[in-house]
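The following exercises are to be worked with the sequence and the coordinates at hand. Each task is followed by a solution in steps.

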Amino acid sequence: DRDELEARARAVKEQLGRRLFIPGHHYQKDEVIQFADATGDSLQLAQLAAKNNEAEYIVFCGVHFMAETADILTSEEQTVILPDLRAGCSMADMADVFQVERAWAALTDRFGETILPLVYVNSTAAIKAFVGRNGGATVTSSNAQKMVAWAFSQKERIFFLPDQHLGRNTAYALGVGLDEMAVWDPYEETLQGNGDFDKVKVILWKGHCSVHENFNVRQIEHIRQTKPETKVIVHPECSWDVVQQADYAGSTKYIIETIRNASPGSRWAIGTEMNLVNRLMHEHPDKEIISLNPYMCPCLTMNRIDLPHFVWALESLSEGTVVNRITVPKEVAFEAKLALERMLALA
Ligand code: 13P
Ligand code: SF4
């Protein structure tokens with residue numbers, strides 16, 4: 001039962017001490033996040049991995065691309081473990097490196113040397129390596145504006161992947177018009193837009209997050225009509241119209257800090273993943289917090305890291321066996337690290 005599993009997790013943590021480090025993303029379930037040595041958004045977790053040179057084992061409570069990033073940013077002696085290998089990301093799955101290479105060939109054919117690739121960390125290590133070798137960088141939702149501004153200081157155009165919404169929301173906030181953006185469809189292998197392609201400054205990959213696509217403008221209108229004092233705060237993986245209609249938009253860290261700093265009695269509708277919304281509700285009983293989508297929106301892959309998988313991974317370590325190790329091949333890691341380091345240097 002749960003009590004017994006929790007006791008077993010505590011026992012391994014005690015036994016391994018500082019040899020073990022457990023980072024946890026804000027979207028993880030409470031049943032595992034209670035054991036995290038540090039929690040954070042994707043940027044903070046990447047920074048923690050880069051800084052940690054002490055732990056032998058990093059049991060990552062998050063999704064596959066985050067564990068890959070941790071492996072890239074830690075030393076060869078350190079082992080990164082993902083308690084359930086099925087914990088992927090629907091957005092990262094919307095771009096594979098071969099599609100990206102083909103897109104790049106077509107885009108550089110069309111626009112010459114004027115484009116720089118920028119990739120959201122929610123992507124495979126192979127795509128990060130592609131970006132690294134082409135002079136680009138990674139971004140997260142908490143530094144996207146800074147990174148897009150940096151990219152424009154390097155080149156005239158940006159190829160932003162795989163999340164079209166984060167790319168569109170960020171570029172728009174920096175003054176790029178919607179008619180200066182186009183979308184690359186990886187299945188049709190065509191550039192889509194309603195403007196003149198010569199004017200295009202941002203090319204967006206046609207990908208999205210299957211959790212954040214469940215928030216829409218109708219829900220915001222409903223809140224405005226029925227609860228006019230409620231403020232709406234959403235993650236920038238939501239679509240452009242949702243972000244435009246919301247009162248605030250930002251990364252998981254930004255959402256947490258905004259709610260924490262809000263005055264008692266304030267009312268909030270949050271457009272992001274369910275575990276985080278539930279946690280904020282419990283941590284702030286003095287504020288009225290609801291999910292923007294009344295049915296709540298779980299990230300099914302984040303939820304795959306549950307207590308049984310977590311305890312299994314920990315106990316295997318205490319018995320001297322490593323399960324579910326995440327290893328990025330050396331050549332891929334080298335180039336992906338270039339893209340990550342360009343971001344970490346600016347962050
Ligand atoms: P952040 O923690 O950077 O806001 O990312 C959200 C997310 O969807 C991670 O998969
Ligand atoms: Fe991927 Fe969306 Fe889940 Fe984040 S919330 S891991 S972007 S599917």
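## Exercise 1: A crossover and its strands

In this predicted model, strand β12, helix α10 (residues 240–245) and strand β13 form a β-α-β unit of right-handed sense.

Task. Determine which strands pair with β12, and in which sense.

Solution.
Step 1. Strand β12 (residues 231–234) is joined to β14 (residues 267–271) by four bridges, and the two run parallel.
Step 2. Between β12 and β13 (residues 248–249) there are two bridges, again in the parallel sense.
Step 3. I233 of β12 can be used to check the register. Its counterpart in β14 is I270, and in β13 I233 stands opposite Y248.

## Exercise 2: Pairing around β9

Task. Establish the sense in which β9 pairs with β11 and with β10, and locate the residue with positive phi in the hairpin.

Solution.
Step 1. Strand β9 (residues 181–185) and strand β11 (residues 202–205) run parallel and share four bridges. Within this pair, A182 faces I203.
Step 2. With β10 (residues 190–192), β9 pairs in the antiparallel sense over three bridges. Here W184 stands opposite L191.
Step 3. The hairpin of β9 and β10 has four residues between the strands, and E189 takes a positive phi near 55 degrees.

## Exercise 3: An open sheet

Task. Give the order of the three-stranded open sheet that contains β1, and name its edge strands.

Solution.
Step 1. The order is β1-β4-β5, with parallel pairing.
Step 2. β1 (20–21) and β5 (79–81) each pair on one side only, which makes these two the edge strands.
Step 3. Two bridges connect β1 with β4 (residues 57–59), and L20 stands opposite Y57 in that pair.

## Exercise 4: Backbone exceptions

Task. Locate the cis peptide bond at P162, and describe the settings of M296 and N324, both with positive phi.

Solution.
Step 1. Recall the reference case: most residues other than glycine have a negative phi, and most peptide bonds are trans.
Step 2. The bond from L161 to P162 is cis, with omega near -10 degrees. P162 belongs to the loop between β8 (157–161) and α8 (164–173).
Step 3. M296, which is not a glycine, has a positive phi near 65 degrees. M296 sits in the loop between β15 (288–291) and α13 (307–318). It counts as partly exposed because it has 14 C-beta neighbours inside 10 Å.
Step 4. N324 has a positive phi of about 50 degrees, although it too is not a glycine. This residue lies in the loop between α13 and α14 (330–346). N324 has 18 C-beta neighbours inside 10 Å and therefore counts as partly exposed.

## Exercise 5: Exposure and a contact in space

Task. Is F152 buried, exposed or partly exposed, and how far is it from K201 in space?

Solution.
Step 1. F152 is part of helix α7 (residues 144–154).
Step 2. A buried residue needs 20 or more other C-beta atoms within 10 Å, and an exposed one has 12 or fewer. F152 has 17 such neighbours, so it counts as partly exposed.
Step 3. The C-alpha atoms of F152 and K201 are 9.0 Å apart, although 49 residues separate the two in sequence.

## Exercise 6: Domains and their contact

Task. State the domain bounds and characterise the side of domain 1 that touches domain 2.

Solution.
Step 1. The domain assignment gives domain 1 (2–87 + 302–329), domain 2 (92–205) and domain 3 (212–291).
Step 2. The centres of domain 1 and domain 2, taken over C-alpha atoms, are separated by 31 Å.
Step 3. Nine residues of domain 1 are in contact with nine residues of domain 2. On the domain 1 side, the elements giving two or more residues are α3 (42–51) and α4 (64–73). The largest share, four residues, comes from α4.
Step 4. By class, this side of domain 1 has five nonpolar, two polar and two charged residues.

## Exercise 7: Two ligand shells

Task. Describe the residue classes around ligand 1 and ligand 2.

Solution.
Step 1. The residues around ligand 1 include H26, D41, N122, E237 and T252. Its shell divides into two nonpolar, eight polar and two charged residues.
Step 2. Around ligand 2 there are 14 residues, of which C89, M91, C209, V211 and C299 come nearest. This shell divides into eight nonpolar, four polar and two charged residues.

Note on methods: Residues are numbered from 1 along each chain as its sequence is written. Chains are lettered from A and ligands numbered from 1 in the order in which they are written. This is a predicted model: local features need pLDDT of at least 70, side-chain atom pairs count only at pLDDT 80 or more; totals for chains, interfaces and linings use all residues. A residue is near a molecule or strand if its C-beta atom, placed from the backbone, lies within 6 Å of it. Ala, Val, Leu, Ile, Met, Phe, Trp, Tyr, Cys and Pro count as nonpolar, Asp, Glu, Lys and Arg as charged, and the others, Gly among them, as polar. Two strands pair if DSSP finds at least two bridges between them. A crossover is right-handed if, with the strands pointing away from the viewer, the path from the first strand over the helix to the second runs clockwise. Domain bounds come from an automatic or database domain assignment. Two residues are in contact if their C-beta atoms, placed from the backbone, lie within 7 Å.
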